[in-house]
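Me: Please take a close look at a single helix in this protein, and then set that part beside the rest of the chain. I would like the terms spelled out as you go.

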Amino acid sequence: MTTDPSMPASPFTRLHLAQAPHHPCPLIAGPCSAETEAQTLETARALAVQGVHYYRASLWKPRTRPGSFEGVGQLGLPWLRRVETELGMQALTEVATAEHVEEAYAVGLRAFWIGARTTASPFAIAELAEALSGRDVLLLVKNPPQPDLELWEGALLRLQAAGITQLGAIHRGFSTYARGSYRNAPLWQLPIELQRRHPELTILVDPSHIAGNRQLVPLVARMGLEMNFSGLIIETHCTPEAAWSDAAQQLSPLQLQQLLQQLDLGPASPSAVPSLDLDPLRAEIDRLDGQLLSLLSERMQIAERIGALKRAAHLPIVQPDRYRQLLEARLQEGRARGLDEGFVRELFSSIHEAAVHVQQAAQH
Ligand code: PEP
Ligand code: MN
């Protein structure tokens, strides 16, 4: 492997996760929550026969609002141990406090994840890092709900520094102000940037919490694999509609099986696409990107001249009517050219923001 001198060495090492030969990637499956011993074991049996190696089920549930099911807690620990000893899967559960770690570790559980809300709190991460330090455990860290890459990366680095070596990340989407079709917006650029910074870090995708409904889970799972992430964690329940938490997004074991069959992208074979075909197209992309940058720089220079004129006339920099008209016109033109509306909107709002900065800088 070549090393890029501009990139500091990353402290993470790749996880070696078991994978069933007929599965497209390593897979963690299981219900959102362990509800009863019967539901935990029935779901686990249906997954074990499919060759699933890793079983998930939350015992302690962080809930946004009071009054919802908060998990069975300690009561479910022996159920997860039964999944391990009787069915041969490794069980993972969510830990949010040192006490959770102690209790789960004491019964023999060795694989955990940290939930989104916990990753958002550096105090909680420090507590967990201390509790897990020196223990040989598999630990996966979900991204925080807010689109803050530093918080996610910071949590991973803190846990790594505590000596946890079997460490990976889970991308579960982000809360955003705009309500889209996803429960949690995927904002793929964030996990992609995390992977760029840490090529050896194993990142799994959680299409269940990104999608929020089972219809959309296969699409998000496919996107995750096409973007080259290392595996999937998919909520699966023996009777999904009757689940005590996240009922809308869980799959039945049969639906999971069908999803995995459809997902099979076939063995990766870079040689199937000769670089002879890719190279000229990549050169074309590089050329167009150069043009885009040169146009953007020209556009900023004009914005600066406009800023000077506004200043002379004592006009405010932001003119809401003009911005509204400009955005409408660009959206219309984008639509006519077959471009995604959300993309065009984001692009021009960020171009406009940068132009406002340039004009502000010119005024001071
Ligand atoms: C979960 O995995 O069921 C869960 C609560 O997820 P998150 O922490 O991503 O919201
Ligand atoms: Mn859930």
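Reply: A residue is called buried when its relative accessible area is under 20%, exposed when it is over 50%, and partly exposed in between, using a 1.4 Å probe and protein chains only. This is a predicted model, in which local features need pLDDT of at least 70 and side-chain atom pairs count only at pLDDT 80 or more, although totals for chains, interfaces and linings use all residues; side-chain values use heavy atoms, without hydrogens or water. Residues are numbered from 1 along each chain as its sequence is written, while chains are lettered from A and ligands numbered from 1 in the order in which they are written.

The part I have chosen is helix α6, which covers residues 149–161; helices (H or I, at least four residues) and strands (E, at least two) are DSSP runs numbered from the N terminus. With 13 residues, α6 reaches 18 Å from its first C-alpha to its last, close to the 18 Å expected at 1.5 Å a residue, where the expected span is 1.5 Å times one less than the number of residues. At the N-terminal end, D148 acts as a cap, since one of its side-chain oxygens lies 3.1 Å from the backbone nitrogen of E150. Just after the helix, G163 takes a positive phi of about 95°.

Within α6, the buried residues are L149, L151, W152, E153, A155, L156 and L159. An α-helix has 3.6 residues a turn, so residues three or four places apart point the same way. The buried residues of α6 pack against three helices and three strands, namely α4 (116–119), α5 (122–132) and α7 (189–197), together with β4 (111–114), β5 (138–142) and β6 (166–171), contact being taken as heavy atoms within 4.5 Å.

A second buried position to set beside the helix is L204, in strand β7 (residues 202–205), whose relative accessibility is 1%. Not counting residues up to four places away in sequence, L204 touches L17, I28, L140, A169, I170, H171, S230, G231 and L232. F229 is 25 residues from L204 in sequence, and the two C-alpha atoms are 5.9 Å apart.

The manganese ion (ligand 2) has as its protein donors C32 (SG), H209 (NE2), E235 (OE) and D246 (OD), at 2.1 to 2.4 Å; donors are N, O and S atoms within 2.8 Å of the metal (3.2 Å for Na, K and Ca), and because water is not among the atoms, sites may look incomplete. Since E235 lies in strand β8 (residues 231–235) and D246 in the loop between β8 and α10 (253–263), this pair ties together parts that are eleven residues apart in sequence. Both E235 and D246 are buried.

As for the whole protein, it has 13 helices and eight strands, and 43% of its 364 residues count as buried. By an automatic or database domain assignment, it is divided into domain 1 (27–266) and domain 2 (280–362), with C-alpha centres 40 Å apart. In helix α13 (residues 341–363) sits V344, which is buried at 4% relative accessible area and, leaving aside neighbours within four places in sequence, is in contact with R330, L331, G334 and L339.

Key: A polar contact is a pair of N or O atoms within 3.5 Å; within protein, one must be able to donate a hydrogen and the other to accept it, and residues adjacent in sequence count only if both atoms are side-chain atoms.
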